[in-house]
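Q: I would like a close look at a single part of this model, followed outward to the elements around it. Please treat it in one connected account.

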Amino acid sequence: MKRRALLNLAVSTLLLTACGQSNTNDTTTDAADNSAAGGSDLLQRINNGGTINVGTEGTYPPFTYHDVSGKLTGYDVEVTRVIAGKLGVDVEFKETQWDAMLAGLDSKRFDMVANQVSLTTPERKAKYDKATAYSWSGAVVLAQTDDNRYSSWEGLKGLRTAQSLSSNYGELAERYEAEIVPVDGMAQAVQLVKQDRADFTMNDNLAVLDYLKNFPDSSLEIKLVAPASEQRGSGLVLRKGDDAVIAKVDEAMATLQADGTLTKLSEEFFGADISRQN
């Protein structure tokens, strides 16, 4: 009787253990299947019409800033709002300093960043993904409207250019063998060109367009634009791994590009269409 009792106990124990393992495996499998079916938390919020959290500076006009009424606006902000509209979600902007922008994305304080971020370094490309670019930028040459010496970049050789010595554009001007007239920033550079103390200045296309929009009576105009191969595209930046979300954002971007919404917003903030690569 004792042997039979011990045998029954052993069999029962084996059966319970087997059942327990089966349940555990089934639970794990189900969880994996559910995760695969439902996607990330961000994807589920988008699919369910929830809220996305977007990091931005709020102090970087005309991309992200507060207008005279205190409303957060700017090109990047308004593009994000229309993308959210196409996705059928609400958007909550979380303002933060530039230096903490990507750290906030890493810590999941927000889901994405809208702040003219370009993934130009291998380190950034390894950690983040970027949706379709909504703005394109590169170096441009700004000179007097009646100055017709700018048929090619190679033609800058020997001309005087007002540049900050530490800027990328100063280095670019040196590459084309222009004579550098040192300045502290763009405002001073523009004045030197106007006063004919420099032939031209070189800067970012978006910064120059912003200047020309704010000073439409300026005697200066853009003479040369960097080729498409040297332009940088900026778009919404997300953590790696949300490919399904990127696909949805890209689909929304394609619609907004096709229906003219991005062109309209570009012209509102810059007086030109910056949403397409030249």
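What is the order of the strands in the open sheet of 5 strands, and which kind of pairing does it have?

A: In this predicted model, the strands of the open sheet are arranged as E4-E1-E5-E14-E6, and their pairing is mixed. The two edges are formed by strand E4 (90–95) and strand E6 (128–130), each of which pairs on one side only.

At the E4 edge, the neighbour is strand E1 (residues 51–56), which runs parallel to E4 and is joined to it by 6 bridges. Within this pair, Thr56 has Glu95 of E4 opposite it. Helix H3 packs on the sheet here, where it touches both E1 and E4, and the direction of H3 makes about 150° with that of E4.

H3 also leads away from the sheet to a second helix. Residues 75–87 form H3 and residues 243–258 form helix H9; the two pack at an angle of about 110°, and their axes lie 9 Å apart. Because angles from 65 to 115 degrees count as roughly perpendicular, H3 is roughly perpendicular to H9. On the H3 side the contact is made by Val82, Ile83, Lys86 and Leu87, while H9 contributes Lys248, Val249, Ala252, Met253, Thr255 and Leu256. Sorted by class, this contact of H3 with H9 comprises 7 nonpolar residues, 1 polar residue and 2 charged residues.

Two loops that border strands of the sheet deserve a note on backbone geometry. Pro62 is placed in the loop between E1 and strand E2 (65–66), and the peptide bond joining Pro61 and Pro62 is cis, with omega about 0°. The loop between helix H4 (101–106) and strand E5 (112–113) contains Lys108. Although Lys108 is not a glycine, its phi is positive, at about 65°.

The account may close with the largest pocket, whose volume is about 640 Å³. Its lining consists of 26 residues, and those nearest the centre are Ser137, Asn168, Tyr169, Asp204 and Arg232. Helix H6 (168–175), helix H8 (205–214) and strand E13 (232–234) each provide at least two lining residues, and the largest share, 5 residues, belongs to H6. By class, the lining of this pocket has 11 nonpolar, 8 polar and 7 charged residues.

Key:
Residues numbered from 1 in each chain as written. Predicted model: local features only at pLDDT ≥ 70, side-chain atom pairs only at ≥ 80, totals over all residues. Heavy atoms only, no water. Axes fitted to C-alpha atoms, helices over the stretch in contact; angles between N-to-C directions. Helix = DSSP H or I, 4+ residues; strand = E, 2+ residues; numbered from the N terminus. Parallel < 35°, antiparallel > 145°, perpendicular 65-115°, else oblique. Contact = heavy atoms within 4.5 Å. Nonpolar A, V, L, I, M, F, W, Y, C, P; charged D, E, K, R; others polar. 1 Å grid on protein atoms, 1.4 Å probe; cavity = no way out; pocket = protein on both sides within 12 Å on 5 of 7 lines; lining within 4 Å. Points joined across faces, edges and corners; volume = space filled by probe spheres on them. Pairing = 2+ DSSP bridges.
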